[in-house]
Amino acid sequence: MSDSCLFCRVVRGEIPATLVAETAECVAFRDINPQAPLHVLVIPREHVASLNEATDAAQLGRLSLLAAEIARREGYAETGYRTVVNTGPQAGQTVHHVHLHLLAGRDLRWPPG
């Protein structure tokens, strides 16, 4: 973990977050600036700066599967949801710890942005 990374600090419990789910490998919590009625961030406990630095396919799969589980539990599996991983500044990544956004509860148009 990184001492200065915002999401590593959430994992360590140094910064409060509204937790939605936890596993041995992942933590999911509500976004403080939600862009949809359901906006959850799913992160690995291990610090990985972005998708560019990721090397563990199973870790990335666990993020996706946890997001799907949360969507089911919150009642959005049938109506639909979106998962997004922003990588780099032009994509809107502001916290340099790989994270998956789970969005649901409104029409999510395409293309995004």
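**Exercise 1. Which residues of the largest nonpolar core touch the most other members?**

Let's work through it. Keep in mind that this is a predicted model.

Step 1. The largest nonpolar core has 16 residues, and the ones touching the most other members are Ala-28, Val-40, Val-42, Leu-66, Ile-70 and Leu-102.

Step 2. Now ask where the core comes from. β1, β2, β3, α2 and β5 are the elements that each give two or more residues to this core. The top giver is α2, with five residues.

Step 3. Zoom in on one member, Ile-70. Skipping residues up to four places away in sequence, Ile-70 touches Val-20, Ala-21, Ala-28, Val-40, Val-42 and Leu-102.

Step 4. Don't stop at one core, though. There is a second, separate core of eleven residues, and among them are Cys-5, Phe-7, Phe-29 and Val-95.

**Exercise 2. Work out how the strands of the open sheet are arranged, and find what packs on them.**

Step 1. Write down the order. The open sheet has five strands, running β1-β2-β3-β5-β4, and the pairing is antiparallel.

Step 2. Look at the two ends of that order. β1 and β4 each have a single partner strand, so one side of each has no neighbour in the sheet.

Step 3. Check the twist: from one strand to the next it averages 20°.

Step 4. Pick one pair. β2 and β3 run antiparallel and are joined by five bridges. Here you'll find Arg-30 standing opposite Val-40 in β3.

Step 5. Add the helix. α2 packs on the sheet and touches β1, β2, β3, β4 and β5, with its direction at about 150° to that of β3.

**Exercise 3. Does the length of helix α2 agree or disagree with the expected span?**

Step 1. Count the residues: α2 covers residues 57–73, which is 17 residues.

Step 2. Use 1.5 Å a residue, multiplied by one less than the number of residues. That gives an expected span of 24 Å.

Step 3. Compare with the model. The end C-alpha atoms of α2 are 24 Å apart, so the two agree.

Step 4. Have a look at both ends of the helix. At the start, a side-chain oxygen of Asp-56 comes to within 3.0 Å of the backbone nitrogen of Ala-58. After the helix comes Gly-75, with a positive phi near 90°.

Step 5. List what is tucked away. Gln-59, Leu-63, Leu-66, Ala-67, Ala-68, Ile-70 and Ala-71 are the buried residues of α2. Their cover includes β1 (19–22), β2 (26–30), β3 (38–44), β4 (81–84) and β5 (100–104).

**Exercise 4. Is Leu-66 buried or exposed?**

Step 1. Find the residue: Leu-66 is part of helix α2.

Step 2. Apply the cut-off. Buried means under 20% relative accessible area, and Leu-66 has 5%, so Leu-66 counts as buried.

Step 3. See who surrounds this leucine. Leaving out neighbours within four places in sequence, Leu-66 contacts Ala-21, Thr-23, Cys-26, Ala-28 and Val-42. The C-alpha atoms of Leu-66 and Val-27 are separated by 9.0 Å, although the two residues are 39 residues apart along the chain.

**Exercise 5. Which side chain makes a polar contact of 2.8 Å with that of His-101?**

Step 1. Place the residue: His-101 is in strand β5. With a relative accessible area of 12%, His-101 is buried.

Step 2. Go through the contacts. Neighbours within four places in sequence aside, His-101 is in contact with Asp-31, His-39, Val-40, Leu-41, Arg-82, Thr-83, Val-84 and Asn-86.

Step 3. Pick out the partner: the polar contact of 2.8 Å joins the side chain of His-101 to that of His-39.

How values were computed:
Residues numbered from 1 in each chain as written. Predicted model: local features only at pLDDT ≥ 70, side-chain atom pairs only at ≥ 80, totals over all residues. Heavy atoms only, no water. Helix = DSSP H or I, 4+ residues; strand = E, 2+ residues; numbered from the N terminus. Buried < 20%, exposed > 50% of the residue type's maximum accessible area, 1.4 Å probe, protein only. Contact = heavy atoms within 4.5 Å. Polar contact = N/O pair within 3.5 Å; in protein donor to acceptor, adjacent residues only side chain to side chain. Core = buried A, V, L, I, M, F, W, Y, C linked by side-chain atoms within 4.5 Å. Pairing = 2+ DSSP bridges. Axes fitted to C-alpha atoms, helices over the stretch in contact; angles between N-to-C directions.
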